[in-house]
Amino acid sequence: MKKIDISWEKDGFLLRPARREDAGQYYAQNFCPLDKELIRMTGSKESFTREEVVGFFLQCIKAEDRYDFLLVAEDGRIAGESVINEIDWEGRSGNFRIAIFQQKDRGKGLGSWMVQATRDFAFGELKLHRLGLNVFSFNERARKAYLAAGFREEGALRDAVWDGERYADDILMAILEEEWEGM
């Protein structure tokens, strides 16, 4: 399967497919160190080796069951990512996630824009029927962006997440093809 090469622009930022040559900068710019708020909001571990990140990144580029997009700032730094993964081509479904790596790029509407662009790609280009995700109940900013983009809450895994201070729910959300078409 040949991957679709597509990109979007907003306010000097470019959302485009990840490329092999991005691997080193992806690690150096965003995992040295990993942003503390990002760790909490995504449930990530606190540190990764260069080999772990670069190796996984290169696997993702080649995988046929996913699309990885990078948010690139005007100065060329990698500011975030938007991912459709676990694509079931027969069932026409996939999983979705985004991340904005550094605090300075948050609160600018980029996350909402990335959600909408990637959602439209999933249904318009990939012809998926369902796009699902998980979001932690304390990540209210992401939850609002997903709801605004047409995702619906389907349930929650209660107290499934420990963030070091308290338990929180892991909220399951999805949008279906016909809901996207009706927007």
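This is a walk through a predicted model, one selection at a time.

**Stop 1: the main core**

Start inside. Select I84, F96, L131, Y146 and F151: within the largest nonpolar core, which has 33 residues, these touch the most other members. Now colour the elements that feed this core. β2 (13-17), β3 (67-72), β4 (78-88), β5 (93-100), α4 (110-124), β6 (130-136), α5 (140-148) and β8 (167-176) each put in at least two residues. The top contributor is α4, with eight residues. As background, nonpolar side chains tend to be buried together in soluble globular proteins.

Which residues is F96 in contact with, once neighbours within four places in sequence are set aside? Show the side chain of F96 and look around: you should find S82, V83, I84 and N85, then V115 and T118, then L131, G132 and L133, and finally Y146 and F151.

There is also a second, separate core, made of 16 residues. Pick out Y27, V53, F57 and F101, which are among its members. Keep Y27 and F101 on screen for the next stop.

**Stop 2: the aromatic cluster**

Add Y26, F31, F48 and F57 to Y27 and F101, and you have a cluster linked by ring pairs. The whole structure holds 17 aromatic pairs. A pair of rings is described by the distance between the centres and the angle between the planes.

Zoom in on Y27 and F31. Their rings are stacked, 6.2 Å from centre to centre and with 10° between the planes. Y27 is buried at 13% relative accessible area, and F31 is buried too, at 14%. The cut-off for buried is under 20%.

Next, swing from F31 over to F101. This pair is tilted, with the centres 6.3 Å apart and 55° between the planes. Why does this pair tie together parts that are 70 residues apart in sequence? F31 sits in the loop between α1 (23-30) and α2, while F101 sits in the loop between β5 and α4, so the contact bridges that stretch of sequence. F101 is buried, as F31 is.

While you're here, click on P33, in the loop between α1 and α2. The peptide bond leading from C32 to P33 is cis, with omega near 0°.

**Stop 3: the loop between β5 and α4**

Select D105, which is in the loop between β5 and α4. Is D105 buried or exposed? D105 is buried, with a relative accessible area of just 1%. Apart from neighbours within four places in sequence, D105 is in contact with F13, R77, A79, I100 and L110.

Now move to K108, in the same loop between β5 and α4. K108 counts as partly exposed, at 46% relative accessibility. Draw a distance from the C-alpha of K108 to the C-alpha of D11: you should get 9.6 Å, for two residues 97 apart along the chain.

**Stop 4: two loop residues with positive phi**

Stay on D11, which lies in the loop between β1 (8-10) and β2. D11 is not a glycine, yet its phi is positive, near 50°. At 61% relative accessibility, D11 counts as exposed.

Then jump to R92, in the loop between β4 and β5. R92 also isn't a glycine, and its phi is positive at about 55°. R92 is partly exposed, with a relative accessible area of 32%.

**Stop 5: the pockets**

Switch on a surface and go to L38, T42, R97, I98 and A99. Of the 44 residues lining the largest pocket, these lie nearest its centre. The volume of this pocket is about 1,100 Å³. α2 (36-42), α3 (50-62), β5, α4, β6 and α5 each supply at least two residues of the lining. Colour the lining by class and you'll see 25 nonpolar, nine polar and 10 charged residues.

For the second largest pocket, select K3, I4, D5, P17, A18, R19, C60, I61, Y67 and D68, which line it. The elements giving two or more residues to that lining are α3 and β3. This pocket holds about 180 Å³ of space. Its lining has six nonpolar residues, four charged ones and no polar ones.

Technical notes
Residues are numbered from 1 along each chain as its sequence is written. This is a predicted model: local features need pLDDT of at least 70, side-chain atom pairs count only at pLDDT 80 or more; totals for chains, interfaces and linings use all residues. Side-chain values use heavy atoms; hydrogens and water are left out. Helices (H or I, at least four residues) and strands (E, at least two) are DSSP runs, numbered from the N terminus. Buried means under 20% relative accessible area, exposed over 50%, partly exposed in between (1.4 Å probe, protein chains only). A nonpolar core is a set of buried Ala, Val, Leu, Ile, Met, Phe, Trp, Tyr and Cys residues joined through side-chain atoms within 4.5 Å. Contact means heavy atoms within 4.5 Å. On a 1 Å grid over the protein atoms alone, a cavity is a set of points where a 1.4 Å probe fits but cannot get out, and a pocket is an open set with protein on both sides within 12 Å along at least five of seven lines; lining residues have an atom within 4 Å of a point. Grid points are joined across faces, edges and corners, and a volume is the space filled by probe spheres set on the points. Ala, Val, Leu, Ile, Met, Phe, Trp, Tyr, Cys and Pro count as nonpolar, Asp, Glu, Lys and Arg as charged, and the others, Gly among them, as polar. Rings of Phe, Tyr and Trp (its six-membered ring) pair if their centres lie within 6.5 Å; planes under 30 degrees apart count as stacked, over 60 as edge-to-face and the rest as tilted.
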